[in-house]
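Reader: I'd like to understand how the labels in this structure were reached. Could you take me through the reasoning?

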Amino acid sequence: MAEALDIVIVTGLSGSGKSFAIRAFEDNGFFCVDNLPALLIPKFIDLCQDHREGVKRIALGVDLRGEQFLQSWPNVLAEMRAAGHHIHVLFFDATDDVLLRRFSETRRPHPLAGNGSVQDSISRERKALEAMRALADKIIDTSDLTVHQLKREIEHQFCQAPFSRRMAVFLTSFGYKFGIPHDTDIILDVRFLPNPYFVNELREKTGLEFEVKEYVLQNDDTRAFLDRLYGLLEFTLPLYEREGKSSLTLALGCTGGRHRSVALVEELKQRLSQGQLRIHVKHRDIDK
C-alpha cells in the first residue's frame, strides 16, 4: 500500500500572499506546484507516491483559474482524505483596502480584471471563493503581516515536522484595543477578570511573568472560567477531529493583550499539552 502524503492546498484571494506562501513551502522542502489543472491532481499525487526519491510533502496552489477544481472541490477533498492523505487547506485572506493597495503598488492587473474596477474584481473573487473558504482548515489574514512574518508563520505551523493525524490547536492572546484577530474560529472575552494593569508593580510586566500569572490565576473566577473552558474543549475537540477538522484557532482577548489573556493562554496550553494534540501559541499584542 502506498504511503500517505502530507498535502497543503494553498488558496485564497489574489494579492493575499498565496504565491509567497508557495515559495516559503518550497524553501522548506515541500514539492510545490501552482495552478495544477484539476484533472491532473490525482495523477500528480499518484506519481509522487511512486517517485523513487520519496516525495512526502506537497503544496498545491489553487485559485479561480482552476474553475473546474473549485466546482468539484468538496468531492476532490473528500477523495484525497479517503485515500488516507493528510490534507490541510490553507486559505489566505486580507481586507479589501489592503488588497487594493497591493495591486496599486505592484501595478499588476487582477486575474479577474475586465471592464470593471479592481474593487469589483476583488468582490467577485471573494464571492466565488466563499465555499472554499468555508472548507478551509486554517485561514490566515495577511492584512497586518509583513512577508517575513508570513514566512515565519508558515514555518512555525507547517514546516517543523511532518503532519500528525491529531488536530492542531492554535491558542492566541490579543488586545481588544488593537482589534479582533481575523483568522480565528472561537473568540472569548476575558475582560471580566481583575486587570493587573491597575496594580502598579504589575503594570509593566506581562502574563509570561510569574507575578502576573499568580495574580490572574489565583482568582476564583479565573479558575472557574478555566475549568469550564477546558471542559468544553475536552468535549468538543474530539468531535471536531471526528468531522475531519485538522486545526482549530481559539483566541482569548483582554484590553491590551499583555496580561490576562497571555496568562490564560499559557495556562490553557499547559492543560491541553497533557494530551496528544499539537498546541501552538501566539501572543499577538504582548509587545505593544
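Author: Gladly! In this predicted model, the crossing of α5 and α6 is right-handed. Helix α5 covers residues 96-106 and helix α6 residues 118-128.

Reader: Why are α5 and α6 called oblique to each other?

Author: Their packing angle is about 125 degrees. Roughly perpendicular ends at 115 and roughly antiparallel starts over 145, so α5 and α6 are oblique to each other. Their axes lie 10 Å apart.

Reader: Which residues in α5 and α6 meet?

Author: From α5 come D96, L99, L100 and F103, and they meet V118, Q119, I122 and R126 in α6.

Reader: What makes F25 and F30 an edge-to-face pair?

Author: The centres are 4.9 Å apart and the planes are at 65 degrees. Pairing needs centres within 6.5 Å, and edge-to-face needs over 60 degrees, so F25 and F30 earn the label.

Reader: Are F25 and F30 buried or exposed?

Author: Buried means under 20% relative accessible area. F25 has 0% and F30 has 4%, so F25 counts as buried, and F30 is buried too.

Reader: How do you know which label fits Y197 and F198?

Author: Exposed starts over 50%. F198, at 61%, is therefore exposed, whereas Y197, at 40%, counts as partly exposed. Y197 and F198 also form an edge-to-face pair, 5.5 Å centre to centre with 85 degrees between the planes.

Reader: What lies over the face of Y176?

Author: That is R191, at 3.7 Å from the ring centre. Likewise, K288 lies over the face of F178, at 4.9 Å from the ring centre.

How values were computed
Residues numbered from 1 in each chain as written. Predicted model: local features only at pLDDT ≥ 70, side-chain atom pairs only at ≥ 80, totals over all residues. Heavy atoms only, no water. Phe/Tyr/Trp six-rings, centres within 6.5 Å; stacked < 30°, edge-to-face > 60°. Buried < 20%, exposed > 50% of the residue type's maximum accessible area, 1.4 Å probe, protein only. Lys NZ or Arg CZ within 6 Å of the ring centre and 35° of its normal. Axes fitted to C-alpha atoms, helices over the stretch in contact; angles between N-to-C directions. Helix = DSSP H or I, 4+ residues; strand = E, 2+ residues; numbered from the N terminus. Parallel < 35°, antiparallel > 145°, perpendicular 65-115°, else oblique. Left-handed = near helix turned anticlockwise from the far one by under 90°. Contact = heavy atoms within 4.5 Å.
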